Amino acid sequence: MGIKPIKRVNVGEQVLLQLKKMLIDGEWAPGSKIPSENELAEMFEVSRITVRQALQKLNALGLIETRLGDGSYVRNLDIGDSMNALIPVMYLGDQSDAQVFEFRQIIETGCTKLAVNRATKKDIEELKIILAEMVRCKDKSDIKGFSKADLKFHFKIAQITRNALFIKTNSILQDVLEQSMDTVIDKMGFENGIHYHQQIIKAFENRNEEEAVKMMNAHIEKNYEYFN
């Protein structure tokens, strides 16, 4: 095994990581003012420019708020708002569609199990409205519109869980899931989605957790058959 060159430490990145960790660990309370650029530069023993760049990145991530002429303050975030900033960027690259379906099968069946017991009458009506939108797109042979409504149906189930982690995860992965959904609809057509969504709604109306999970699982498995 050959010796690999040692990479130089990026000072700015180290400052950013330390500041981010301090924010995550609650070193500064939400709404509190953090030390000035000069103070931080002295603490880290780096230039003021390096600190300013790190603060700009934290501001872009939504972790702090910089007020002109006043300084930087810790934003008061809930878990859903902060998740984009705190988790690493997901990169799928050339990975197969199997990974998307594996993710959906685990997450969406779990969401369904929670949602069926938490859904209000209004939630169920909204699912029906989305289903009607899918039917209209089918009648117009609008694949793109159908795909968008199909994904909206699944996102709505995540929203019904009232769990910020599930909701935000779907939001973060929206581009990946949209691309996958477009491919699925193009390969399998409209009927599969409409059939299973009807069955899922019926299970929600009956508060039948087992049936709802069974239908969601079967729905995703059926979709994946078109990739095998």
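Glu45 is exposed, with a relative accessible area of 72%. In this predicted model, Glu45 sits in the loop that joins helix H2 (37-44) to helix H3 (48-61). The backbone of Glu45 has a phi near 60 degrees, which is a positive value in a residue other than glycine. Ser141 offers a second case, with a phi near 55 degrees, again positive and again in a residue other than glycine. Ser141 is placed in the loop between H6 and H7, and with 54% relative accessibility Ser141 counts as exposed.

With these two loop residues in view, the overall fold can be introduced. The secondary structure of the protein amounts to 11 helices and 2 strands. Following the sequence from its start, the elements come in the order α-α-α-β-β-α-α-α-α-α-α-α-α. The protein has 228 residues, and 38% of them count as buried. Contacts across the sequence are also worth a look: among those between residues at least 6 apart, 72% join residues at least 24 apart.

How confident is the prediction, and what is the average pLDDT? The protein averages a pLDDT of 84, and 86% of the residues score at least 70. Residues 85-95 call for more care, as the pLDDT over this stretch is below 50. Beyond near neighbours in sequence, the same stretch has 10 contacts in the model.

The interior comes next. The largest nonpolar core has 37 residues. Leu127, Phe146, Phe153, Ile157, Ile185, Ile200 and Phe204 are the members with the most contacts inside this core. Several helices contribute to the core: H5, helix H6 (121-139), H7, H9, H10 and H11 each supply at least two of its residues. H7 provides the largest share, with 8 residues. Phe204 gives a view from within the core. Leaving aside neighbours within four places in sequence, Phe204 is in contact with Thr112, Ala115, Val116, Ala119, Ile124, Leu127, Ile157, Ile160 and Ala212. Another core lies apart from the largest one and has 17 residues, including Ile34, Val51, Ala54 and Ile64.

Aromatic rings add further detail to the picture. How many aromatic pairs does the model contain? The count comes to 2 aromatic pairs. In one of them, Phe101 and Tyr224 have their rings 5.0 Å apart, centre to centre, with 40 degrees between the planes, and the pair is tilted. Phe101 belongs to helix H5 (residues 97-118) and Tyr224 to helix H11 (residues 209-225), so this pair ties together parts that are 123 residues apart in sequence. Are these two partners buried or exposed? Phe101 counts as buried, at 3% relative accessibility, whereas Tyr224 counts as partly exposed, at 28%.

Another pair is formed by Phe146 and Phe190. The centres of their rings are 4.8 Å apart and their planes stand at 70 degrees; because planes over 60 degrees apart count as edge-to-face, this pair is edge-to-face. Phe146 lies in helix H7 (residues 143-160), while Phe190 lies in the loop between helix H9 (174-188) and helix H10 (191-205), so the pair ties together parts that are 44 residues apart in sequence. Phe146 is buried, at 0% relative accessibility, and Phe190 counts as buried as well, at 16%. Phe146 is also listed among the residues with the most contacts inside the largest nonpolar core. A ring can meet a charge too: the charged end of Arg67 sits over the ring of Tyr73, 3.8 Å from its centre.

The cysteines can be described briefly. The structure holds 0 disulfides. Cys111 is buried, with a relative accessible area of 3%, and Cys137 is buried, with a relative accessible area of 7%.

Cys111 leads on to Ile167, a residue placed in helix H8 (residues 164-172). Although Ile167 and Cys111 are 56 residues apart along the chain, their C-alpha atoms are separated by 9.6 Å. Ile167 counts as partly exposed, at 32% relative accessibility. Which residues does Ile167 touch, not counting those up to four places away in sequence? The residues touched by Ile167 are Ala158, Gln159 and Arg162.

Key. Residues are numbered from 1 along each chain as its sequence is written. This is a predicted model: local features need pLDDT of at least 70, side-chain atom pairs count only at pLDDT 80 or more; totals for chains, interfaces and linings use all residues. Side-chain values use heavy atoms; hydrogens and water are left out. pLDDT is the predictor's confidence in each residue, from 0 to 100. Contact means heavy atoms within 4.5 Å. Rings of Phe, Tyr and Trp (its six-membered ring) pair if their centres lie within 6.5 Å; planes under 30 degrees apart count as stacked, over 60 as edge-to-face and the rest as tilted. Helices (H or I, at least four residues) and strands (E, at least two) are DSSP runs, numbered from the N terminus. Buried means under 20% relative accessible area, exposed over 50%, partly exposed in between (1.4 Å probe, protein chains only). A charge sits over a ring if NZ of Lys or CZ of Arg is within 6 Å of the ring centre and within 35 degrees of the ring normal. A nonpolar core is a set of buried Ala, Val, Leu, Ile, Met, Phe, Trp, Tyr and Cys residues joined through side-chain atoms within 4.5 Å. A disulfide is a pair of cysteine sulfur atoms within 2.5 Å.
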